[in-house]
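Colleague: Could you take me through the labels on this model? I would like to hear the reasoning behind each one.

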Amino acid sequence: MLRNSLQHYGLEHSAEAIEASAASVLNFLITFLDEHLLPDLHESEWDVDADVDRVRDGLADIQGFVRKRMNEIKNALARQPEFTIQCTTCQKQACIIGRPEARCLFCTQRMDSDNAAIGHVHVTLQRPFRQIPTTSDIFSQPAQPAVDRCQSCGQRAWVVGAVTTAEPTGIDLCFHCAQTSAGSAPKH
Ligand SMILES: [Zn+2]
Ligand SMILES: [Zn+2]
């Protein structure tokens, strides 16, 4: 699983996305080593401290990178909290929706507004695909992403209960034209 996702990131995503993901994995590993593995290993012959220290050094470097990067984009994110969602690639709350594409300020991943909406409902909100009622005895209908067509711009990018920095409890929002359920499209 981990290896697959790292290969995936290696092929598809920026160095920044890999570093953010690696930092999370290393955070978990170092805690696991400390709490579960090292106490047992210390009773054996194998001296692991030097190796573990190297991992800690690497982790500090990456955490330093993440802090630095988040600091660099902090002001840009603060200007548009109503358009900021969690990035489905690096998991940082740093992806700005908009047309023609959404862009993560942290890892630089870009995707068109329709795919950003689909990613948000499935990866971030973890909603299942919709089963479409079948109209045939032979073929079943393919399941559809839980994204609706926007009444305002016509794009299939309307997300019910989207989670943004400004609306952490959820707002109905078009990922293409930024229309909201309140009725007005805020200036983007
Ligand atoms: Zn990202
Ligand atoms: Zn729209």
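Modeller: Happy to go through the zinc site and some charged side chains.
This is a predicted model, where local features need pLDDT of at least 70, side-chain atom pairs count only at pLDDT 80 or more, and totals for chains, interfaces and linings use all residues. Residues are numbered from 1 along each chain as its sequence is written, and side-chain values use heavy atoms, leaving out hydrogens and water.

Colleague: What makes C87, C90, C104 and C107 donors of the zinc ion (ligand 1)?

Modeller: Donors are N, O and S atoms within 2.8 Å of the metal (3.2 Å for Na, K and Ca). The SG atoms of these cysteines lie 2.3 to 2.4 Å from the zinc ion, so they count as donors.

Colleague: Why is the arrangement called tetrahedral?

Modeller: Four donors earn that name if all angles lie between 85 and 135 degrees. Around the zinc ion the angles are 108 to 111°, so the arrangement is tetrahedral.

Colleague: How do you know that E72 and K68 meet in a salt bridge?

Modeller: The term requires a side-chain nitrogen of Lys or Arg within 4 Å of a carboxyl oxygen of Asp or Glu. For E72 and K68 the N to O distance is 3.2 Å, so the pair qualifies.

Colleague: Why does R69 have no salt bridge?

Modeller: The nearest side chain of opposite charge, E72, is 4.2 Å away, so the 4 Å limit is not met. R69 is also buried, meaning under 20% relative accessible area (exposed is over 50%, partly exposed in between; 1.4 Å probe, protein chains only).

Colleague: And what makes K68 exposed?

Modeller: K68 has a relative accessible area of 55%, so K68 passes the cut-off for exposed.

Technical notes
Chains are lettered from A and ligands numbered from 1 in the order in which they are written. Four donors count as tetrahedral if all angles lie between 85 and 135 degrees; four count as square planar and six as octahedral if opposite donors are over 155 degrees apart and all others between 65 and 115; anything else is irregular. Lys and Arg count as positive and Asp and Glu as negative; His and the chain ends are not counted.
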